[in-house]
Amino acid sequence: MKKVIITGGAGTVGTAFIKKYYNDYDFYSLSRGEEQIAELKSNFPRVTTLVRDVCDLDQLISTFESIKPDVVIHAAAMKHVDLAEVNPTTAVNVNLNGSLNVIRASVRAEVPITIGVSTDKACAPENVYGYTKKTMEMMFAEHHNSKTQFVCTRFANVANSRGSVIPFFKKLAAKKLPLKLTSVDMNRLMFSKSAAAKLIHDAIDYASSQEESFVLSTKMKSVNMLQLAKVLSDDIEIVGLRPGEKLNENLISKKELPYTRVVGDLIFLFENKQSIEDNLKETFSSQNAALMTNDELKTLLN
């Protein structure tokens, strides 16, 4: 059975991947939060849980060389846009230096495939978090080679994740308090935790068949945040945009279109390889993607 290391393995994305492919791999979770680690171990006892910090290069190298993984999934990151805006040094240290440490450890241990988890905020970035993730995508492409392959997945919002607005809305609704909404015009691309796990698995599958590094994303639907809030409650309070926040998010920008290739619902983005055919014809964003219906929103909430 192949060995898979997941940095931030006790977080939402790591746990979702472990849950979906629990019987397919020998998992090693590297993370810091003790409560999350204990919860992961309780739910998935066969996972080896290790307390590790991606900012500690020596520790990562030692761990990777000891385990000798077939795949590394790099999901550890500082993910909150507003926190990154007011703590840019920490965001750079975790998201950039931490990612570079993962790259160096993978190269040293000759890990065949390393997957970086990126975000739609990396598309034409306008905030600290987005800039760190775009740079991570570029660093992964820079270090890609036939021996140690580096590719990324580019996520939108993962519904019901710890950083998602959905658990926050649910708690407020349960307490009969007004739901705090930044803007009635805010839209977000969103998909389920299971779909996020599948996208990572697709990246692993395709990595061995592609000569070049790529960023892999998928077509998904848009959620109007006011419509989402109204599914839970009619008591809604508008509080204004947070630092670094945008009304709409792009998944693929106009500048990136020539470098895309569409395979079914999957969107491949190559760093320097233009596609003559099968490329995306227009930007993909929360503004022009199909809008989720109320029934789809209820399914997503549950």
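# Exercises on a predicted model

Asn224 touches Val184, Met186, Asn187 and Leu291, leaving aside residues up to four places away in sequence; contact means heavy atoms within 4.5 Å. The model is predicted, with local features needing pLDDT of at least 70 and side-chain atom pairs counting only at pLDDT 80 or more, while totals for chains, interfaces and linings use all residues. Residues are numbered from 1 along each chain as its sequence is written, and side-chain values use heavy atoms, with hydrogens and water left out.

**Exercise 1. Describe the setting of Asn224.**

Step 1. Asn224 is found in strand 11 (residues 221-224); helices (H or I, at least four residues) and strands (E, at least two) are DSSP runs, numbered from the N terminus.
Step 2. Asn224 counts as buried, at 16% relative accessibility. The classes are buried under 20% relative accessible area, exposed over 50% and partly exposed in between (1.4 Å probe, protein chains only).
Step 3. The Asn224 side chain reaches the backbone nitrogen of Leu226 at 3.2 Å. A polar contact is a pair of N or O atoms within 3.5 Å; within protein, one must be able to donate a hydrogen and the other to accept it, and residues adjacent in sequence count only if both atoms are side-chain atoms.
Step 4. Lys273 lies 49 residues from Asn224 along the chain, and their C-alpha atoms are separated by 34 Å.

**Exercise 2. Place Ser183 and Asn248, and list their contacts.**

Step 1. Ser183 is in the loop between strand 8 and strand 9 (187-191) and is buried at 12% relative accessibility.
Step 2. The side chain of Ser183 reaches the backbone nitrogen of Asp185 at 3.1 Å. Beyond four places in sequence, Ser183 touches Ile238, Leu241 and Leu247.
Step 3. Asn248 belongs to the loop between strand 12 (236-238) and strand 13 (250-252).
Step 4. Side chain to side chain, Asn248 makes polar contacts with Asn187 at 3.1 Å and with Ser286 at 3.0 Å. The residues touched by Asn248, again beyond four places in sequence, include Asp185, Arg188 and Gln287.

**Exercise 3. Which phi sign do Asn160 and Lys176 have, positive or negative?**

Step 1. Most residues other than glycine have a negative phi.
Step 2. Asn160, not a glycine, has a positive phi of about 70 degrees. Asn160 sits in the loop between strand 7 (157-158) and helix 7 (165-174) and is partly exposed, with a relative accessible area of 21%.
Step 3. Lys176, not a glycine, has a positive phi of about 60 degrees. Lys176 sits in the loop between helix 7 and strand 8 (179-181) and is exposed, with a relative accessible area of 72%.

**Exercise 4. Work out how helix 1 packs on helix 8.**

Step 1. Helix 1 (residues 12-20) and helix 8 (residues 193-207) pack at about 75 degrees, with axes 8 Å apart. Axes are lines fitted to C-alpha atoms, for helices over the stretch in contact, and angles run from 0 to 180 degrees between N-to-C directions.
Step 2. Helix 1 is therefore roughly perpendicular to helix 8, a class covering 65 to 115 degrees.
Step 3. The contact involves Thr12, Val13, Ala16, Phe17 and Lys20 of helix 1; on helix 8, among the residues are Lys193, Ala197, Ile200 and Ile204.

**Exercise 5. Compare the span of helix 6 with expectation.**

Step 1. Helix 6 (residues 128-143) has 16 residues and reaches 23 Å from first C-alpha to last.
Step 2. That is close to the 22 Å expected at 1.5 Å a residue, the expected span being 1.5 Å times one less than the number of residues.
Step 3. The buried residues of helix 6 include Tyr129, Met136 and Phe140.

Methods:
Parallel < 35°, antiparallel > 145°, perpendicular 65-115°, else oblique.
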